[in-house]
Amino acid sequence: MTSFHHVARGHDGVVSQEPPRVPVSLRNGRPRRASSLMRKYEVAALLPDLSISMKQQVAPALPLFEEACSAFARGTLIRTVQGPVAVEDLLPGDLIETSRGAQTVTWIGSTSYVPGVECAQSALGTLTRVTAEAFGLGRPGVDLLLGPAARMVVTRAQFRALLGQDSVLVPVADEADYDRIVPVTPAGGVQLYHLMVPRHATLRVGGLEMETYHPGKLLHQFNSPNLRALFLSMFENLSELQDFGSLSMTRSSREAVESLRAI
């Protein structure tokens, strides 16, 4: 397998040109504008004719875009039907093992984590290192470096009565205890990835159950038709936003999970 991300890019994936400015508030009845960081994203999609589209796209460094490309650091092993493969070596069309059986990778997004870049809207604040056996024997088997979009399955007995299901998805960053699960800021750039399958599911990464990509509620946070159109243009395998389908599991947060445990 070959990596799709070996293409030319600007310094650490950040566009150096003057970014567009967007209104953020009113001052004396007039819009006050602030600059918005722009980022390069690399995307690969499996098209209906089974060919693969690969391209770079410049888009705002907003959670809607960044979370599509920032779950797994380069080197993370993904279980395919032929054995473990590093995430950077996956291609659309590869079959990976998921909670819904073997599914085809239909889309892969990637971007660079850039230490020290400040942007109020950016989701790429820090990464999370999960040390070996942080969640028990073999969970994970080795240290994992994960991006801000990484979510893992949390299971509690009382969820069934409260939510109608045993498990929820929680951001790995929420589990930080500064001992075995630690926020980190690497000294250099780190390439991050996320991947999508036809039906949203979880996959086992280093012994942890983690989700495949789905935009979730972020799709409804933007009223701008232009932003939505730009976002959809990153997914050449989809015709409309509804094609993302439904989430396979409820998303939550550590705070919400702890509050449910107290009930």
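Strand S13 (residues 151-155) and strand S14 run antiparallel and are joined by 5 bridges. Two strands count as paired here if DSSP finds at least two bridges between them. One of the partnerships sets methionine 152 against valine 170 in S14. The model is predicted, so local features need pLDDT of at least 70 and side-chain atom pairs count only at pLDDT 80 or more, while totals for chains, interfaces and linings use all residues. Residues are numbered from 1 along each chain as its sequence is written, and side-chain values use heavy atoms, with hydrogens and water left out.

Stay with S14 for a moment. This strand covers residues 167-171, and 5 of its 5 residues are buried, so the rest of the structure largely encloses it. Buried means under 20% relative accessible area, exposed means over 50%, and partly exposed lies in between (1.4 Å probe, protein chains only). In a regular strand the side chains alternate between the two faces of the sheet. Ser167, Leu169 and Pro171 point one way from S14, and Val168 and Val170 point the other way. All of them are buried.

Now step back to the whole chain. The protein chain has 4 helices and 18 strands. Both are DSSP runs numbered from the N terminus: helices are H or I with at least four residues, strands are E with at least two. Of the 263 residues in the protein chain, 48% are buried. Contact means heavy atoms within 4.5 Å. Among contacts with a separation of 6 or more, 64% come from residues 24 or more positions apart. The exposed surface of the protein chain is about 12,800 Å², and carbon and sulfur atoms supply 51% of it. Accessible areas come from the Shrake-Rupley method with a 1.4 Å probe; for residues, only the protein chains shown count as cover.

Next, the interior. A nonpolar core is a set of buried Ala, Val, Leu, Ile, Met, Phe, Trp, Tyr and Cys residues joined through side-chain atoms within 4.5 Å. The largest such core has 25 residues. Ile78, Leu90, Ile96, Val130, Leu146, Leu195 and Met210 have the most contacts inside it. At least two residues of this core come from each of S12, strand S16 (190-196), strand S17 (202-205) and S18. Another core lies apart from this one, with 22 residues, among them Trp107, Tyr213, Leu218 and Leu238.

Look at isoleucine 78. Leaving aside neighbours within four places in sequence, isoleucine 78 contacts Gly83, Pro84, Val85, Val87, Leu90, Ile96, Leu195, Leu203 and Val205. Threonine 128 sits in strand S11 (residues 127-130). Threonine 128 is buried, at 4% relative accessible area. Residues up to four places away in sequence aside, threonine 128 touches Leu144, Leu145, Leu146, Val172, Ala173, Ile181, Val182, Pro183 and Val184.

Charged pairs come next. The whole structure holds 8 salt bridges. A salt bridge is a side-chain nitrogen of Lys or Arg within 4 Å of a carboxyl oxygen of Asp or Glu. One of them pairs lysine 55 with glutamate 236, with the closest N and O atoms 3.4 Å apart. This pair links distant parts of the chain, 181 residues apart: lysine 55 is in strand S4 (residues 52-60), and glutamate 236 is in the loop between helix H3 (225-232) and helix H4 (254-261). Lysine 55 is partly exposed at 27% relative accessibility, and glutamate 236 is partly exposed at 37%.

Glutamate 211 forms a salt bridge with arginine 251, the closest N and O atoms being 3.1 Å apart. Here too distant parts of the chain are linked: glutamate 211 is in strand S18 (residues 208-211), and arginine 251, 40 residues apart, is in the loop between H3 and H4. Glutamate 211 is buried, with a relative accessible area of 2%. Salt bridges with shared partners join Glu67, Arg151, Glu211 and Arg251 into one network.

Finally, some backbone details. Which kind of peptide bond joins arginine 139 and proline 140? The bond is cis, with omega about -5 degrees. Proline 140 lies in the loop between S11 and strand S12 (144-146). Glutamate 133 lies in the loop between S11 and S12. Phi of glutamate 133 is positive, near 65 degrees, in a residue other than glycine. Leucine 50 is not a glycine, yet has a positive phi of about 75 degrees. Leucine 50 lies in the loop between strand S3 (38-46) and S4, and is exposed at 66% relative accessible area.
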